[in-house]
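Let's take a walk through a structure together, one step at a time. Keep the 3D view open beside you and turn it as you read.

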Amino acid sequence: MEIKRIIESGLIETYVMGIATEEEVQKVLFLKKEYPEFKDALTNLELDMEVLAQGMAITPPPGTLEKIETEINEIQRRSQVIQKIARPNSKPDNGDDAREEKYIEVEAESNQMRVNKAWKWIFIAVFILGKIFLAAAIYFYLENRQAREQINELKLELKQK
Amino acid sequence: MQKAVLNVPTADPKDIRWFYDKYAAMLLGYISGIVQDHRKSEDYLISILTGFTAEFNATEKSQLNIWLELRQYAQSKLALINEKGHSLTPVQVNSNGNLDLLDDLQKQIFCAVYYHGKSISQLAATLGSEADEIRNQLKQSIDKMRRGRGN
């Protein structure tokens, strides 16, 4: 039978070992739903892999559970602090919005400002124009001062004559 | 400005104890197969079991059983070590005789897949074989170990 051939093809092993492609995963899920024989083979292999892992088990040293409990308690404590800061007046169990169950809203203010990249060229142009106007102003100031000095010299010459 | 922060649901202490009693030894055996260092394995056991227990309630019901889900979770967490240190040399692990049932090629393929998550195509390319041959060897290695346990 076709389903037996599929069971023997190695597809179930690939799936249970966690290396099946997305296409293979979809195929396995479909066959599991449609064929009880396939579902049984899959369940048996999953259980056997668990038994195999039990055979390779190493007992953790004493105190490991306490360390894990301490870390879990720390995570819980931090989570509760965040919830209290985020929602000081709301009830923790209302949960009518699925998004709120997964996320909590936190007020945060940034001191940064977003500016369109086009402004970069405008700022550069303004800077260059500023330099040009400054150079022109200095040039005309000096020209003007030199002209005044020449006028004064001419006036002095005329008076002497 | 509003910012969203992931709100990790927490597990009950009884869940932690249940997880620990059922899976800690299996997980430590599995991690030791990847890390090959007893002290580091114990540290990873704590962080992986803590992470999985904390996130377990949040995940949607998986199609896999819990052990396989936990094994894949551990494998993904240890993926960096996996990438850096892994060659296709079979790992030194207390397999309770299971791996001794396999020939060298089967042991190589099984360990690469089981401990390091190597795909069929990756192994086919590395070993210079057809994908179907690798798949067949993987199936045979699992079948041998299942028969060895009387299944």
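How many helices and strands does chain A have? Chain A has seven helices and one strand. If you follow chain A along its sequence, the pattern you meet is α-α-α-α-α-α-β-α. Now try the same with chain B, which also has seven helices and one strand. Here the pattern reads β-α-α-α-α-α-α-α.

Before going further, please remember that this is a predicted model. The predictor gives the complex an ipTM of 0.77 and a pTM of 0.64. For chain A the mean pLDDT is 85, with 86% of the residues reaching 70 or more. Among the elements of chain A, helix H7 (residues 118–160) has the highest mean pLDDT, 95, and helix H6 (residues 98–102) the lowest, 58. For chain B the mean pLDDT is 78, and 70% of the residues reach 70 or more. Among the elements of chain B, H6(B) has the highest mean value, 91, while strand E1 (residues 2–6) of chain B has the lowest, 38. Over residues 1–10 of chain B, pLDDT stays under 50, and the model has 28 contacts beyond four places in sequence for that stretch.

With that in mind, let's see how each chain is put together. Chain A has 161 residues, of which 14% count as buried. In chain B, with its 151 residues, 38% count as buried. Contacts tell us about the chains too. Take the contacts in chain A between residues at least 6 apart in sequence: 37% of these join residues at least 24 apart. For chain B, the corresponding figure is 65%.

Next, look for the nonpolar core. In soluble globular proteins, nonpolar side chains tend to be buried together. The largest nonpolar core in this model has 56 residues. Those with the most contacts inside this core are Ile12(A), Leu27(B), Ile31(B), Leu45(B), Leu49(B) and Val113(B). Which helix gives the most to this core? Helix H1 (residues 13–35) of chain B does, with eleven residues. To see one core residue at work, find Leu27(B) and leave aside its neighbours within four places in sequence. Leu27(B) is then in contact with Leu45(B), Ile48(B), Leu49(B), Leu70(B) and Ala74(B).

Just past the end of H1 comes a small surprise. Gln36(B) lies in the loop between H1 and helix H2 (38–56) of chain B. Although Gln36(B) is not a glycine, it has a positive phi of about 60 degrees. Is Gln36(B) buried, exposed or partly exposed? It has 15 other C-beta atoms within 10 Å, so Gln36(B) counts as partly exposed.

Now move to helix H5 (residues 104–114) of chain B. Nine of its eleven residues are buried, so this helix is largely enclosed by the rest of the structure. The buried residues include Ile109(B), Phe110(B), Cys111(B) and Val113(B), and also Gln106(B) and Lys107(B). Among the elements that cover the buried residues of H5(B) are helix H6 (120–127) and helix H7 (131–148) of chain B. Ala112(B), in helix H5 of chain B, makes a good example. This residue has 25 other C-beta atoms within 10 Å, so it is buried. The C-alpha atoms of Ala112(B) and Ile34(B) are separated by 9.7 Å, although the two residues are 78 residues apart along the chain.

How do H5(B) and H7(B) cross? Their axes come within 9 Å and cross at roughly 90 degrees. The two helices are therefore roughly perpendicular to each other. On the H5(B) side, the contact is made by Leu105(B), Gln106(B), Ile109(B), Phe110(B) and Val113(B). On the H7(B) side, Ile134(B), Gln137(B), Leu138(B), Gln140(B) and Ser141(B) take part. By class, this contact has six nonpolar, four polar and no charged residues.

Finally, turn to H6(B) and H7(B), whose axes come within 8 Å and cross at roughly 110 degrees. That makes H6(B) roughly perpendicular to H7(B). Here Ile120(B), Ser121(B), Leu123(B), Ala124(B) and Leu127(B) of H6(B) meet Ala131(B), Ile134(B) and Arg135(B) of H7(B). By class, the contact of H6(B) with H7(B) has six nonpolar, one polar and one charged residues.

Methods
Residues numbered from 1 in each chain as written. Chains lettered and ligands numbered in written order. Predicted model: local features only at pLDDT ≥ 70, side-chain atom pairs only at ≥ 80, totals over all residues. Core = buried A, V, L, I, M, F, W, Y, C linked by C-beta atoms within 7 Å. Buried ≥ 20, exposed ≤ 12 C-beta atoms within 10 Å, placed from the backbone. Helix = DSSP H or I, 4+ residues; strand = E, 2+ residues; numbered from the N terminus. Contact = placed C-beta atoms within 7 Å. Axes fitted to C-alpha atoms, helices over the stretch in contact; angles between N-to-C directions. Parallel < 35°, antiparallel > 145°, perpendicular 65-115°, else oblique. Nonpolar A, V, L, I, M, F, W, Y, C, P; charged D, E, K, R; others polar. pLDDT = per-residue confidence, 0-100.
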